[in-house]
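Here's a walk through one protein chain, going from its ring contacts to its sheet and then to its cores. Keep the 3D view open while you read.

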Amino acid sequence: MLFTDFQLDNRLLQSLKHMGIDTPTDIQEQAIPVALAGKDLMASSKTGSGKTLAFLLPAMQRMISTRALSKRDPRVVILLPTRELATQVYSQLRLLVANTQYKAIKILGGENFNDQAKSLARDPHFIVATPGRLADHLAQHHLHLNGLELLILDEADRMLDLGFAPQLQAIHRAADHKRRQTLMFSATLDHTDINNIAAELLNSPEHVAVGAANTSHADITQHVYLCDHLDHKEAVLSRLLSQDEHKQIIIFTATRQDTGRLADKLAKQGFKTAALSGDLNQGQRNQIMDQFSRGLQKILITTDVASRGLDLLNVSLVINFDMPKFSEEYVHRIGRTGRAGSKGDAVSLVGPKDWRNFENVQQFLHKTFTLSVFDDLKPKFSGLKDKPKRTKNTSSTVKKHKKTTNNKQKSKNAPAKRDKRFLSGVDVGDAPMLRKPKSPLQDE
Ligand code: ADP
Ligand code: MG
């Protein structure tokens with residue numbers, strides 16, 4: 001099947017040609033016809049499988065082929081959990097609108113509110129936004145959504161994790177009319193919170209799922225190294241980095257503090273390294289992502305602020321320096337490599353304090369990992385038994401991280417419960433302006 005087989009406007013086909021894209025991916029093949037038929041849709045497929053175009057193309061087509069419901073209101077709103085992701089989707093959208101008369105803007109947390117109000121007053125057709133900031137503008141009547149035709153929620157589950165349900169509901173209520181269509185996308189769309197919000201926002205949606213989130217991703221080779229403590233993790237990390245067969249590398253840590261500390265260490269070892277965390281201001285965040293995507297640094301160290309959606313085609317290795325709390329996040333993190341058919345490696349360093357999260361990932365993936373080992377860096381640690389208490393005081397890793405982890409480790413046997421106290425507002429700036437102060441428990 002080719003894109004020309006869909007009923008798409010020639011200008012869109014031209015844009016695709018310019019992008020060098022001619023054959024739809026599986027998710028595009030399945031989702032685009034449903035979306036073009038005007039139906040509500042919940043769609044999931046693995047990371048890097050082209051979900052963005054699966055919603056942008058039908059959105060563009062709908063603009064081109066139907067008359068606007070309102071002259072002034074935006075016709076399409078696309079919501080994303082982080083500013084980086086919104087920026088990336090916005091750039092893809094720009095390529096598609098370039099050939100047309102349509103206006104697209106982005107409305108992100110952390111940028112000038114009044115400037116945004118001005119650009120909203122110019123009646124854009126498309127808005128790409130983070131939900132908190134858009135809801136703020138809505139509350140100020142800087143835009144009206146009575147004429148909204150298409151609402152798209154990308155990485156919908158992450159938006160809920162971040163505590164954006166009230167903003168999504170406010171946006172939905174402002175645009176609650178019969179002719180609105182709603183599309184929801186993610187690589188992981190299978191927990192109950194999602195079903196609740198979907199029941200509220202979507203109208204008898206069709207479900208399209210290409211492969212389950214927990215089926216293995218053939219283009220990503222996954223490795224696991226057990227580690228005794230922080231120093232051991234760092235030694236294994238140095239070894240991995242010294243092998244240097246990778247173009248660019250992303251390293252995920254549990255907390256912002258770890259991000260900075262590790263970045264300093266690696267910079268001292270001579271690696272071109274950038275650290276991205278949610279506590280930087282937006283200018284800094286943009287600059288870091290921009291430089292990294294242009295290849296100016298080899299290594300990006302970050303937290304889950306960058307686990308979702310970012311499409312960085314030169315990343316061939318993802319390292320979990322710490323395991324993520326939520327198993328879905330593992331899928332999103334490793335999905336920063338192996339995109340659009342290229343191959344990648346994912347390495348997880350599992351120490352005693354990662355063990356429960358690691359077990360949860362194995363359970364989520366229905367997979368038992370084979371362990372890798374460097375002969376001269378063999379671990380003594382071989383996993384924890386069922387008694388979770390033993391994590392305490394098992395190693396220096398636990399001690400060194402005590403402050404930031406002891407509260408998170410409470411329910412060690414159960415899969416981590418989604419607790420907004422840990423998550424809301426984490427990807428700083430995407431949350432509403434009047435956000436409650438962060439709890440000291442929060443990290444990224
Ligand atoms: P996802 O949202 O599923 O993680 P993206 O939409 O970010 O994936 O797409 C991943 C990459 O694949 C992007 O670089 C995109 O340009 C590319 N891509 C998308 N659709 C196609 C296609 N049909 N053929 C080739 N490459 C594609
Ligand atoms: Mg995506």
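## Rings, sheet and cores

A search of the whole structure, which is a predicted model, turns up eight aromatic pairs. One of them is Tyr330 with Phe369, an edge-to-face pair with 6.3 Å from centre to centre and 65° between the planes. What does this pair tie together? Tyr330 belongs to helix α13 (residues 327–334), while Phe369 sits in the loop between α14 (355–365) and β14 (371–372), so the contact ties together parts that are 39 residues apart in sequence.

Are these two rings buried or exposed? Tyr330 counts as buried, at 1% relative accessibility. Phe369 is buried too, with a relative accessible area of 8%; the cut-off for buried is under 20%. The two also belong to a cluster in which ring pairs link Tyr330, Trp355, Phe358, Phe369 and Phe381.

Rings also turn up under charges. Two such cases are worth a look:

| Charged residue | Ring | Distance from charged end to ring centre |
|---|---|---|
| Lys233 | Phe321 | 5.3 Å |
| Arg239 | Phe374 | 5.4 Å |

Now for the sheet. Seven strands make up an open sheet, with parallel pairing, in the order β10-β11-β9-β12-β13-β8-β14. Its edge strands are β10 and β14, each of which pairs on one side only. As background, strands of a sheet pair through backbone hydrogen bonds, either parallel or antiparallel.

Let's walk across part of it, starting from the β10 edge. Strand β10 (residues 273–276) pairs with β11 in the parallel sense over four bridges, and here Ala275 stands opposite Ile301 in β11. On to the next pairing: β11 and strand β9 (residues 248–252) run parallel and are joined by four bridges, with Phe252 standing opposite Thr302 in β11.

Strand β11 (residues 299–302) deserves a pause. In a regular strand the side chains alternate between the two faces of the sheet. In β11, Ile299 and Ile301 point one way and Leu300 and Thr302 the other way, and all are buried.

From β9 the walk carries on to β12: five bridges join these two strands, which run parallel. Gln248 has Val315 as its bridge partner in β12. How many residues of β12 (residues 315–320) are buried? Six of the six are, so this strand is largely enclosed by the rest of the structure. Further along, β12 pairs with strand β13 (residues 344–350), again in the parallel sense and over four bridges; Asn320 stands opposite Ser348 in β13.

Back to α14, the helix just ahead of the Phe369 loop. Nine of its eleven residues are buried, so α14 too is largely enclosed by the rest of the structure. The buried set in α14 is Trp355, Arg356, Asn357, Phe358, Asn360, Val361, Gln362, Phe364 and Leu365, and Trp355 and Phe358 are two members of the ring cluster. What covers these buried residues? The cover includes β8 (220–226), α13 and β13. Just after the helix, His366 takes a positive phi of about 50°.

Next, the nonpolar cores. The largest one has 56 residues, and those with the most contacts inside it are Leu57, Met60, Ile78 and Phe126. Helix α3 (residues 51–65) gives the most to this core, contributing nine residues. Where does the core lie? Domain 1 (3–210) and domain 2 (220–377) both give residues to it, so it lies between them. A second, separate core has 31 residues, including Val77, Leu145, Leu168 and Leu201.

Leu57 makes a good place to zoom in on the largest core. Leaving aside its neighbours within four places in sequence, Leu57 is in contact with Phe3, Leu8, Leu12, Leu16, Ile32 and Leu96.

Finally, the overall picture. The chain has 16 helices and 14 strands, and 59% of its 444 residues count as buried. Of the contacts in the chain with a separation of 6 or more, 78% are between residues 24 or more positions apart.

Technical notes:
Residues are numbered from 1 along each chain as its sequence is written. Chains are lettered from A and ligands numbered from 1 in the order in which they are written. This is a predicted model: local features need pLDDT of at least 70, side-chain atom pairs count only at pLDDT 80 or more; totals for chains, interfaces and linings use all residues. Side-chain values use heavy atoms; hydrogens and water are left out. A nonpolar core is a set of buried Ala, Val, Leu, Ile, Met, Phe, Trp, Tyr and Cys residues joined through side-chain atoms within 4.5 Å. Buried means under 20% relative accessible area, exposed over 50%, partly exposed in between (1.4 Å probe, protein chains only). Domain bounds come from an automatic or database domain assignment. Contact means heavy atoms within 4.5 Å. Rings of Phe, Tyr and Trp (its six-membered ring) pair if their centres lie within 6.5 Å; planes under 30 degrees apart count as stacked, over 60 as edge-to-face and the rest as tilted. A charge sits over a ring if NZ of Lys or CZ of Arg is within 6 Å of the ring centre and within 35 degrees of the ring normal. Two strands pair if DSSP finds at least two bridges between them.
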